[in-house]
Amino acid sequence: MNSLDDDVRSPLQTVDRALQVLISFSEQRRDWGVMELADELGIDKSSAQRLLAALAFRGFLRPDPISRRYSLGPTMWRMAALWERTGGLAALADAVLERLAQDTERTATFTIPDGFHVRCIAAVDGGGGPLRSHPLVGDLYPAHAGATSRAYFAFLDRNERRALLSGRPFARFTDLTEVDEAALERVFEDTVQTGWAFSDGEYDAATRAIAAPVRLGRRPIGSLTVVEGKFEELPGDIRDHVPRLLEATEELSNLLAHRTPAARTRRR
């Protein structure tokens, strides 16, 4: 948090300070102490205490009674979940997906984690029309099969991933589905080295896909996928579109982080 935007003064300074406290949290900044916040905001200790107490009273923060430090509270989770359930997250991704589908002439999807799976929450059909006879939104993809899920699970912390997957039976969807845990871990590590995932019939024998992680900070929060039917007559190799896919994941990551990227030239 950079002096909490000293050059920008909101007419509602107390509200602005409260919002800046909330958006200051990250993987590196997980809690605030009263004196730390007072120094950061340039206010006295009592004002900082009142600000933190007010946020805690509404559940936006949670005070630790022992350390007397404040971390994010349950209201943040409830609002984030409401935003996702009511379509806010999908709406944010729609414009990115529309451009990606148009540029690649293939179907583009956005998925987020759902336990041992990733779940599609937004999809835009490519130039060849719908990929499925049913809507893709709501489909679940298992962690061990396909580029869509691998582009999320591969980029989790290794210990977190193993805690989720270790000892779990893996279903075989096609002859190409990897069901050996050690071999699957090697596939995840290879994906991290590459920076994106490719699959050709390992989950659905009739499709191939490329996918890459969408991140908030360093942490993956989902994946973007470009997918095609293997029997469609489409120009070029789907892997030719990896640079455009990575551009789209960066764009959506910036939107989620509320960052404005530098102007750039679109690939066509």
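Author: Two strands count as paired if at least two bridges are found between them. Keep that rule in mind for this predicted model.

Reader: What makes β3 and β8 a pair?

Author: The cut-off is at least two bridges. β3 and β8 have five bridges, in the antiparallel sense, so they qualify as a pair. One of the contacts to look for is T109, whose bridge partner in β8 is T225.

Reader: How do you know that β3 and β4 pair as well?

Author: Use the rule again: at least two bridges are needed. Strand β3 (residues 107-114) and strand β4 (residues 117-124) have seven, again antiparallel, so this is a pair too. Here I112 has R119 as its bridge partner in β4. The two strands form a hairpin with two residues between them, and G115 in the turn has a positive phi of about 65°.

Reader: Where do these strands sit in the whole sheet?

Author: The sheet is open and has six strands, in the order β5-β4-β3-β8-β7-β6, with antiparallel pairing.

Reader: Why are β5 and β6 said to stand at the edges?

Author: Each of them, β5 (140-142) and β6 (197-200), has a single partner strand, so one side of each is left without a neighbour in the sheet. From one strand to the next, the twist averages 30°.

Reader: What lies across β3, β4 and β8?

Author: That is helix α5 (residues 88-104), which runs at about 65° to β4.

Reader: Why is β3 called mostly covered?

Author: Six of the eight residues of β3 are buried. For a residue, buried means a relative accessible area under 20%.

Reader: What makes two rings an aromatic pair?

Author: Their centres must lie within 6.5 Å. By this rule the count comes to four aromatic pairs.

Reader: Why is the pair of Y141 and Y203 called edge-to-face?

Author: Planes over 60 degrees apart count as edge-to-face. The planes of Y141 and Y203 stand at 70°, with ring centres 5.7 Å apart, so the pair earns that name. The pair also links distant parts of the chain: Y141 belongs to strand β5, Y203 to the loop between β6 and β7 (207-216), and they are 62 residues apart. Ring pairs join Y141, F173 and Y203 into a cluster.

Reader: Is Y141 buried or exposed, and what about Y203?

Author: Y141 is at 11% relative accessibility, and the limit for buried is under 20%, so Y141 counts as buried. Y203 has 26%, which lies between the 20% and 50% limits, so Y203 is partly exposed.

Reader: How do you know that Y152 and F153 are edge-to-face?

Author: Their planes are at 80° and their centres 5.0 Å apart, so the pair meets the over 60 degrees rule. Both residues fall under the 20% limit: Y152 is buried at 6%, and F153 is buried at 0%.

Reader: Why is R186 called exposed?

Author: Exposed means over 50% relative accessible area. R186 has 52%, so R186 is exposed. You will find R186 in helix α8 (residues 181-194).

Reader: What makes us say that the charged end of R29 sits over the ring of W32?

Author: The distance part of the rule asks for within 6 Å of the ring centre, and the angle must be within 35 degrees of the ring normal. The charged end of R29 lies 3.8 Å from the centre of the W32 ring and is listed as sitting over that ring. Likewise, the charged end of R239 sits over the ring of F198, 4.3 Å from its centre.

Note on methods:
Residues are numbered from 1 along each chain as its sequence is written. This is a predicted model: local features need pLDDT of at least 70, side-chain atom pairs count only at pLDDT 80 or more; totals for chains, interfaces and linings use all residues. Side-chain values use heavy atoms; hydrogens and water are left out. Helices (H or I, at least four residues) and strands (E, at least two) are DSSP runs, numbered from the N terminus. Axes are lines fitted to C-alpha atoms, for helices over the stretch in contact, and angles run from 0 to 180 degrees between N-to-C directions. Contact means heavy atoms within 4.5 Å. Rings of Phe, Tyr and Trp (its six-membered ring) pair if their centres lie within 6.5 Å; planes under 30 degrees apart count as stacked, over 60 as edge-to-face and the rest as tilted. Buried means under 20% relative accessible area, exposed over 50%, partly exposed in between (1.4 Å probe, protein chains only).
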